[in-house]
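Hi,

Here is the structure I said I would pass on, with the sequence alongside. Have a look at it first, and then read on for my notes.

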Amino acid sequence: MKQAEVTMVRVYITEGDHQLRKLLDFLHNEEQVRGVTAFRGIAGFGRSGRAHEASLLDISMDLPLVIEFFDSPDRVEKVLQDLNQWVEPGYVVNWTAQVNMGE
Amino acid sequence: MKQAEVTMVRVYITEGDHQLRKLLDFLHNEEQVRGVTAFRGIAGFGRSGRAHEASLLDISMDLPLVIEFFDSPDRVEKVLQDLNQWVEPGYVVNWTAQVNMGE
Amino acid sequence: MKQAEVTMVRVYITEGDHQLRKLLDFLHNEEQVRGVTAFRGIAGFGRSGRAHEASLLDISMDLPLVIEFFDSPDRVEKVLQDLNQWVEPGYVVNWTAQVNMGE
């Protein structure tokens with residue numbers, strides 16, 4: 001089984017930041033990362049201690065969002081540098097993983 | 001690019017456990033971890049082999065939930081110890097990652 | 001605190017692939033992995049560059065899905081081999097983590 005090393009990244013924002021579309025466009029158009037997925041959390045809190053939580057009665061609150069992507073370590077290193085202009089310290093996590101490259 | 005080492009944690013529960021609020025309060029008030037996000041899965045199964053799955057017709061089922069957080073390795077080690085009183089073995093996963101600390 | 005090494009896996013598909021049920025059945029019945037959770041993203045794009053995005057007005061689009069599981073490194077290695085027949089290269093990521101095993 002062939003594998004390649006990648007760097008996984010998760011970027012933590014909230015809906016209230018109105019950054020999702022901008023960041024997806026940036027990752028897609030500027031950085032051309034291989035693939036990106038965004039997830040919406042159902043509850044959470046940030047370093048401010050302010051809680052974010054969804055209910056069926058109120059789906060418009062400031063819910064947490066996570067933008068996840070992975071790519072080669074070299075490419076991700078550049079993306080992480082560039083992300084510093086968009087996201088403040090403490091909200092971009094990365095780690096090393098392996099991706100399948102066929103049999 | 002400055003980075004700091006963190007430990008990432010994912011805790012696997014289900015809606016039927018009714019533990020989400022309790023665990024978020026615990027992580028926020030007692031442990032004061034830096035940030036927490038909870039996600040709801042759309043399908044899954046646990047070690048019991050019992051499947052959990054959502055459909056538009058039945059959104060009240062026992063869906064999987066994941067509570068994710070990261071913080072410094074020292075702080076997380078204490079949290080993981082304390083989580084043993086809330087969550088049974090096999091449901092709390094952690095790994096080492098890096099977080100952005102500005103340019 | 002006792003911990004055991006596990007391998008975490010995330011498999012990236014989309015709703016349009018119609019593979020979710022098949023893969024969950026495969027992981028549950030054939031591979032008998034310890035636990036699996038599936039998540040639906042709210043937006044994303046793949047290597048094709050084609051964007052996937054949800055809105056309240058259109059929840060039937062080709063949204064990204066992630067299937068996540070973890071188990072012992074030996075068991076996961078076999079699963080990763082077998083997944084090559086279901087998922088093309090570049091969509092299955094794995095990394096090493098620790099799972100809680102009680103106090």
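Among contacts in chain A between residues at least 6 apart in sequence, what percentage join residues at least 24 apart? The answer is 78%, where a contact means heavy atoms within 4.5 Å.

Before the rest, a word on the ground rules. This is a predicted model, in which local features need pLDDT of at least 70 and side-chain atom pairs count only at pLDDT 80 or more, while totals for chains, interfaces and linings use all residues. Residues are numbered from 1 along each chain as its sequence is written, chains are lettered from A and ligands numbered from 1 in the order in which they are written, and side-chain values use heavy atoms, with hydrogens and water left out.

**The chain**

Chain A contains six strands and two helices, and the order from the N terminus is β-α-β-β-β-β-α-β. Both kinds of element are DSSP runs numbered from the N terminus: helices are H or I with at least four residues, strands are E with at least two. Chain A has 103 residues, and 53% of them count as buried. Here buried means under 20% relative accessible area, exposed over 50%, and partly exposed in between, with a 1.4 Å probe and protein chains only. About 4800 Å² of chain A is exposed, and 48% of that comes from carbon and sulfur atoms; these accessible areas come from the Shrake-Rupley method with a 1.4 Å probe, and for residues only the protein chains shown count as cover.

**How the copies are related**

A turn of 120° with a shift of 0.0 Å along the axis lays chain C on chain B, at an RMSD of 0.0 Å. The two copies are thus related as by a three-fold rotation axis. Phe39(C) has the C-alpha nearest the axis in chain C, at 4.7 Å. For the superposition, copies are fitted by least squares on the C-alpha atoms of residues with pLDDT of at least 70 in both. Chain C also goes onto chain A with a turn of 120°, a shift of 0.0 Å along the axis and an RMSD of 0.0 Å. The surfaces used by these copies differ, since 14% of the contact residues of chain C recur in chain A. For chains C and B, only 13% of the interface residues of chain C are also interface residues in chain B, so those copies too meet through different surfaces.

**Where chain C meets chain A**

This contact draws 29 residues from chain C and 30 residues from chain A. Together the two chains bury about 2400 Å², with 60% of it on carbon and sulfur atoms; buried area is the accessible area (1.4 Å probe) that two parts lose on being put together, summed over both. Of the area that chain C buries against chain A, 29% comes from Ile42(C), Phe45(C) and Asn84(C), more than from any other three residues.

Between chain C and chain A there are 11 residue pairs in polar contact, both residues at pLDDT 80 or more. A polar contact is a pair of N or O atoms within 3.5 Å; within protein, one must be able to donate a hydrogen and the other to accept it, and residues adjacent in sequence count only if both atoms are side-chain atoms. On the side of chain C that touches chain A, strand 6 of chain C gives the most, with four residues.

The same two chains share one salt bridge, between Glu68(A) and Arg10(C) at 3.0 Å, N to O. A salt bridge is a side-chain nitrogen of Lys or Arg within 4 Å of a carboxyl oxygen of Asp or Glu.

**Other salt bridges**

Over all chains the structure holds 21 salt bridges. In helix 2 of chain C, Lys78(C) and Asp82(C) lie four residues apart, about one turn of the helix, and their closest N and O atoms are 2.6 Å apart in a salt bridge. Lys78(C) is partly exposed, at 48% relative accessible area. Salt bridges that share partners also join Arg10(A), Glu68(A), Arg10(B), Glu68(B), Arg10(C) and Glu68(C) into one network.

Arg40(C) pairs with Glu15(C) at 2.8 Å, N to O. Arg40(C) lies in strand 2 of chain C and Glu15(C) in the loop between strand 1 and helix 1, so the pair ties together parts that are 25 residues apart in sequence.

Best wishes
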